[in-house]
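Please look over the model shown here. The report below takes up its strands, its core, its aromatic contacts and its backbone.

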Amino acid sequence: MATSPEMLCCFCPPPLKQFLEVVVNMKFDEEPNYSKLISLFEGLIGPNPAIRPINTEGAQKIICQVGQKRGRLNIEEEDDGQPKKKVRLGVPATQWISIYNARLPMKQRYHYNVADGRLAQHVEKGIADGLLISSVASCSNLWALIMDAGTGFTNQVYELSPLFLHKEWIMEQWEKNYYISSIAGANNGSSLVVMSKGTQYTQQSYKVSDSFPFKWINKKWREGFHVTSMATAGSRWGVVMSRNAGFSDQVVELDFLYPSEGIHRRWDNGFRITSTAATFDQAALILSVPRRKPGDETQETLRTSQFPSTHVKVTSCSLVSFRAVDWM
C-alpha cells in the first residue's frame, strides 16, 4: 500500500495502473464495476503497435531496481560533457507533473484538452477578465494553459505555429520588446509560444536541439543567462535562457523518472523548480535560487495520470508550472 500505482506499474501498460487505482480506492462493501474494469484491457488484446514489448534482457537487474526509489538503466553517451542518458524500458505512459507555489490568494484559471481552433477564444476570454497566460503545456497534440491575474505582465502576444519555435516571429517580437514567458511543444512538432511585455528580462537566447543541450546551457550560464522556459516537441528540445532572470544560481535535474531525491535535496538548499520539460525517455527540471528571498518559499509537486483539475480546485497554492510527460 505504500507503493504508488505509478511505481508499481511503471513497466506495465497504462490500463494496469488504471485498474489498480480503481481497485485500491473502492469501499469495502462496494460492488466492482466489472464491465468497466474489463473494458480497460480490451485494447491490449491482439496485435497492437502502440504496445511496446519489454526487453527481457537484463530483466533480473530491472526487477531488483524496481524496489529502489530511482532504479534506472544507463546508456553511455558520447564523452563530451553531456550527462549520461538514463532511459527506461517498457511501455510509454503519460504523467502530469504540476508545481505549486504558496502565494497570496489571486484569480487563476486553467484550461486543458484545448484543440488548436479553441485556443484563441479561451485566451481572449481570459484577457477580457484581466488574466494573462502564465504557463502552457501540451498533451496528445492538445493544449493546456494557466491564466492568472498575478503575472505582472503589461501586454502579451502568442503564436500557435506548425514550426517548433518559429524563429522569424520570435525575433520580430523581440524587436518590439516582448520576451518569451512560456512555451510548449506538441508531439506533431507544432509549438505554442507566449511572449510578454513587463518582464524583468533584458536579453534572451534560445536553442532547439535533438538532445538536451547541456553544454549550451553551461556556456550561457557563464555569460549570465539562466533558463526561463523549456519545451519539447517529440524528441526535440527547446530551451530559452534570459539575462536578468532574477536568479543567483541554477541547476538541472535530468532523469527518466521524476528525480524526487535530488529535488528534495535541492529544496533544502534554497532551490525551487522554475521550468520543466520531458521527452519520452528523459525529464528535465530546472531548479533556481531567487536573488530576492520570497515571502513564502513553500513549493509542492504533484504527479497524476490525468490533468490535476481536482487538486487545482482544492489546493491553497497557485499552479505555476505543469507538464505532461511521456515516459518509457
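## Strand β15 and its partners

Alanine 278 has alanine 283 of β15 as its bridge partner. This is a predicted model. Strand β14 (residues 272-278) and β15 run antiparallel, joined by six bridges. The connection from β14 to β15 is a hairpin of four residues.

β15 also pairs with β13. That pairing is antiparallel too, and it spans eight bridges. Within β15, alanine 284 stands opposite leucine 254. How enclosed is β15 by the rest of the structure? Seven of its eight residues are buried, so the strand is largely enclosed.

## The largest nonpolar core

The largest nonpolar core has 15 residues. Phe212, Ile217, Val227, Met230, Val239 and Met241 touch the most other members. Several elements feed this core: α7 (214-222), β11 (225-233), β12 (236-243), β13 (247-255) and β15 (283-290) each supply at least two residues. In soluble globular proteins, nonpolar side chains tend to be buried together.

Which residues does valine 239 contact, leaving aside its neighbours within four places in sequence? Its contacts include the core members Ile217, Val227 and Met230. Ser205, Tyr206, Lys207, Pro213, Trp216 and Ser229 complete the list.

## Aromatic pairs

The structure holds eight aromatic pairs. One of them joins tryptophan 96 to phenylalanine 307. The geometry is edge-to-face, with 5.1 Å centre to centre and 85 degrees between the planes. This pair links distant parts of the chain, 211 residues apart. Tryptophan 96 belongs to strand β3 (residues 93-101), while phenylalanine 307 lies in the loop between β16 (299-304) and α9 (309-314).

Are these two rings buried or exposed? Tryptophan 96 has a relative accessible area of 5%, so it is buried. Phenylalanine 307 is buried as well, at 8%. Both take part in a cluster: ring pairs link Trp96, Tyr110, Tyr112 and Phe307.

## Charges over rings

Lysine 220 places its charged end over the ring of phenylalanine 225, 4.7 Å from the ring centre. Lysine 220 falls within α7 (214-222), and phenylalanine 225 within β11 (225-233). Arginine 266 has a like arrangement. Its charged end sits over the ring of phenylalanine 271, 5.8 Å from the centre.

## Positive phi in two loops

Which residues other than glycine have a positive phi? Serine 140 is one, with phi near 55 degrees. Serine 140 is located in the loop between β5 (132-139) and β6 (142-148). Its relative accessibility is 54%, so serine 140 counts as exposed.

Asparagine 177 is another, with a positive phi of about 70 degrees. Its loop runs between α6 (167-175) and β8 (179-185). Asparagine 177 is exposed because its relative accessible area, 52%, is over the 50% cut-off.

## The chain as a whole

The chain contains nine helices and 17 strands. Of its 328 residues, 46% are buried. The exposed area is about 17,000 Å², and carbon and sulfur atoms supply 51% of that.

Take the contacts with a separation of 6 or more. Residues 24 or more positions apart account for 69% of them. The pair of tryptophan 96 and phenylalanine 307, 211 residues apart, links distant parts of the chain.

Conventions
Residues are numbered from 1 along each chain as its sequence is written. This is a predicted model: local features need pLDDT of at least 70, side-chain atom pairs count only at pLDDT 80 or more; totals for chains, interfaces and linings use all residues. Side-chain values use heavy atoms; hydrogens and water are left out. Rings of Phe, Tyr and Trp (its six-membered ring) pair if their centres lie within 6.5 Å; planes under 30 degrees apart count as stacked, over 60 as edge-to-face and the rest as tilted. Buried means under 20% relative accessible area, exposed over 50%, partly exposed in between (1.4 Å probe, protein chains only). A charge sits over a ring if NZ of Lys or CZ of Arg is within 6 Å of the ring centre and within 35 degrees of the ring normal. A nonpolar core is a set of buried Ala, Val, Leu, Ile, Met, Phe, Trp, Tyr and Cys residues joined through side-chain atoms within 4.5 Å. Contact means heavy atoms within 4.5 Å. Two strands pair if DSSP finds at least two bridges between them. Accessible areas come from the Shrake-Rupley method with a 1.4 Å probe; for residues, only the protein chains shown count as cover.
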